[in-house]
Amino acid sequence: MIEQEEKKSLDLRDCLALERTSLANERTFFAYARTAIMVLITGVSGFKLFPGIMVIFIIGLVAVVGSVILFFIGLQKYLRRFRSLTTLKSNCLLPDNMK
């Protein structure tokens with residue numbers, strides 16, 4: 001018979017650390033999104049500024065596709081960390097004046 005481990009409640013210091021981690025997770029996601037937008041703009045600019053050059057077209061196409069992939073990688077990482085942090089935050093015991 002396997003005994004289930006009781007949920008440990010977290011004190012205020014740990015809860016505040018989780019909040020800081022959550023904010024850092026959001027900042028990291030915004031950095032992924034910002035980078036994806038800049039790569040997308042670079043690819044589209046290559047299409048518009050050099051319409052007849054095939055090498056620039058291929059590089060621009062790779063940049064556009066890469067930017068979409070980069071955005072979804074960032075989104076996936078954000079959501080995975082968000083779910084785990086939400087689970088941990090449910091164990092926080094906050095004082096009555098902080099709820």
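This briefing walks through how two helices meet in the structure above, with a look at a few of the residues involved. Please keep in mind that the model is predicted. Helices H1 and H2 have axes that come within 8 Å of each other and cross at roughly 170°. The structure holds 1 salt bridge, and the residues that form it are Glu19 and Lys89.

**How the helices pack**

- Helix H1 covers residues 12-49, while helix H2 covers residues 54-89.
- With axes within 8 Å and a crossing angle of roughly 170°, H1 is roughly antiparallel to H2.
- Sorted by class, the residues in the contact of H1 with H2 are 22 nonpolar, 10 polar and 5 charged.

**The salt bridge**

- The side chains of Glu19 and Lys89 meet at 3.3 Å, N to O, in a salt bridge.
- Glu19 belongs to helix H1 and Lys89 to helix H2, so this pair ties together parts that lie 70 residues apart in sequence.
- Neither end needs a long introduction: Glu19 is partly exposed, with a relative accessible area of 37%, and Lys89 is partly exposed too, at 30%.
- A relative accessible area of 37% counts as partly exposed because it falls between the 20% limit for buried and the 50% limit for exposed.

**Around Lys89**

- Setting aside neighbours within four places in sequence, Lys89, found in helix H2, is in contact with Leu18, Glu19 and Ser22.
- Two of these contacts can be described further: the side chains of Lys89 and Glu19 are joined by a polar contact of 3.3 Å, and the side chain of Lys89 makes a polar contact of 3.4 Å with the side chain of Ser22.
- For a backbone view, Lys89 and Leu16 are 9.6 Å apart from C-alpha to C-alpha, although 73 residues separate them in sequence.

**Around Asn25**

- Asn25 has its place in helix H1.
- Is Asn25 buried or exposed? At 5% relative accessibility, Asn25 counts as buried, because the limit for that class is under 20%.
- Not counting residues up to four places away in sequence, Asn25 touches Lys77, Tyr78, Arg81, Phe82 and Leu85.
- Helix H2 spans residues 54-89, and the residues touched by Asn25 include Tyr78 and Phe82.

**To take along**

- Asn25 is a buried residue of helix H1, whereas Lys89 is a partly exposed residue of helix H2.
- Lys89 pairs with Glu19 in the salt bridge and also has a side-chain polar contact with Ser22.

Note on methods. Residues numbered from 1 in each chain as written. Predicted model: local features only at pLDDT ≥ 70, side-chain atom pairs only at ≥ 80, totals over all residues. Heavy atoms only, no water. Salt bridge = Lys/Arg side-chain N within 4 Å of Asp/Glu carboxyl O. Helix = DSSP H or I, 4+ residues; strand = E, 2+ residues; numbered from the N terminus. Buried < 20%, exposed > 50% of the residue type's maximum accessible area, 1.4 Å probe, protein only. Contact = heavy atoms within 4.5 Å. Polar contact = N/O pair within 3.5 Å; in protein donor to acceptor, adjacent residues only side chain to side chain. Axes fitted to C-alpha atoms, helices over the stretch in contact; angles between N-to-C directions. Parallel < 35°, antiparallel > 145°, perpendicular 65-115°, else oblique. Nonpolar A, V, L, I, M, F, W, Y, C, P; charged D, E, K, R; others polar.
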